[in-house]
Amino acid sequence: WIQSKHRVALFKARAMTDKAKLFDEPFTLISTSGSDNGTLQSSGFLGKIQVGRDWIQSKHAVVRPWSEFLNIKKVSKPNNVADVLRRMVSNVQRFQSNYLFVFLGLVIYCIVTNPTLLFALGFCLASWWFLSVRNKGESIRILGRETAARELYAVVAVIAIVLLYFAGAGGTVFWIIGASVVLILAHAIIMTPSGDNQMGIELGDVTLEEVTIT
């Protein structure tokens with residue numbers, strides 16, 4: 001009986017010891033080292049790139065042929081306001097992916113033709129990549145002083161705002177939006193929707209127009 005009581009006491013003592021070790025070392029279950037944090041941020045960065053690439057590929061897969069998008073044979077004048085609205089709805093639904101790439105083309109054009117804006121965006125991307133991926137979100141020693149990552153992000157944000165201001169980023173954004181709206185609406189209004197028999201049925205190079213017999 002004494003031996004059995006002694007074994008029970010030893011078992012309880014071991015259980016309490018293991019429980020104490022578990023509470024004394026709470027971070028053994030979850031790693032918070034800088035390398036693991038950097039790995040997660042790097043994987044998140046690559047994941048965002050992959051998501052963006054997949055999104056662009058999905059939109060590119062449903063792009064209508066550019067020969068159809070720029071077919072001058074379908075250019076015609078709308079009859080009335082109702083016809084304008086009908087064309088806008090039909091063409092925007094049909095060519096929405098084409099319009100998206102027109103918008104992206106205007107964005108690339110504005111960036112390439114504005115060296116200051118190109119430099120500002122390059123600075124933003126390079127700084128963000130260095131702090132988030134290369135440096136893994138850790139602090140950096142500058143002139144003998146340990147600088148936290150949040151302080152570096154704040155400095156980069158201030159510099160980026162100043163550069164974008166002098167690059168005229170605000171005016172560029174409004175120009176891109178205005179030009180996109182004008183081009184998209186103009187194209188949607190002047191293009192006869194596909195399957196529209198109002199102006200005739202187009203078969204290759206031959207157009208059969210409706211004939212009214214009186």
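Start by selecting helix 6 and helix 7 in this predicted model. The two helices pack at an angle of about 170°, and their axes lie 8 Å apart. That angle makes helix 6 roughly antiparallel to helix 7, because angles over 145 degrees count as such.

Next, show the side chains where the two helices touch. On helix 6, the residues in contact include Leu117, Phe119, Phe123, Trp128 and Leu131. On helix 7, they include Leu152, Tyr153, Val156, Ile159 and Leu163. Colour this contact by residue type: 16 of its residues are nonpolar, three are polar and none is charged.

Now hide helix 6 and keep helix 7, residues 149–166. Helix 7 has 18 residues and reaches 26 Å from its first C-alpha to its last, close to the 26 Å expected at 1.5 Å a residue.

Select Ala149, Leu152, Val156 and Ala160, which are buried. These residues cover an arc of only 70° around the axis, so they sit on the same side of helix 7. The spacing has a general background: an α-helix has 3.6 residues a turn, so residues three or four places apart point the same way.

What do the buried residues of helix 7 pack against? Bring back helix 6 (115–134) and add strand 1 (140–142) and strand 2 (145–147): the buried residues pack against these three elements.

Turn to the other side of helix 7 and select Arg150, Val158, Ile161, Tyr165 and Phe166, which are exposed. Phe166 is also among the helix 7 residues that meet helix 6.

Finish just past the helix. Glycine 168 follows helix 7, and its phi is positive, near 70°.

How values were computed
Residues numbered from 1 in each chain as written. Predicted model: local features only at pLDDT ≥ 70, side-chain atom pairs only at ≥ 80, totals over all residues. Heavy atoms only, no water. Helix = DSSP H or I, 4+ residues; strand = E, 2+ residues; numbered from the N terminus. Expected span 1.5 Å × (residues − 1). Buried < 20%, exposed > 50% of the residue type's maximum accessible area, 1.4 Å probe, protein only. Arc of directions from axis to C-beta. Contact = heavy atoms within 4.5 Å. Axes fitted to C-alpha atoms, helices over the stretch in contact; angles between N-to-C directions. Parallel < 35°, antiparallel > 145°, perpendicular 65-115°, else oblique. Nonpolar A, V, L, I, M, F, W, Y, C, P; charged D, E, K, R; others polar.
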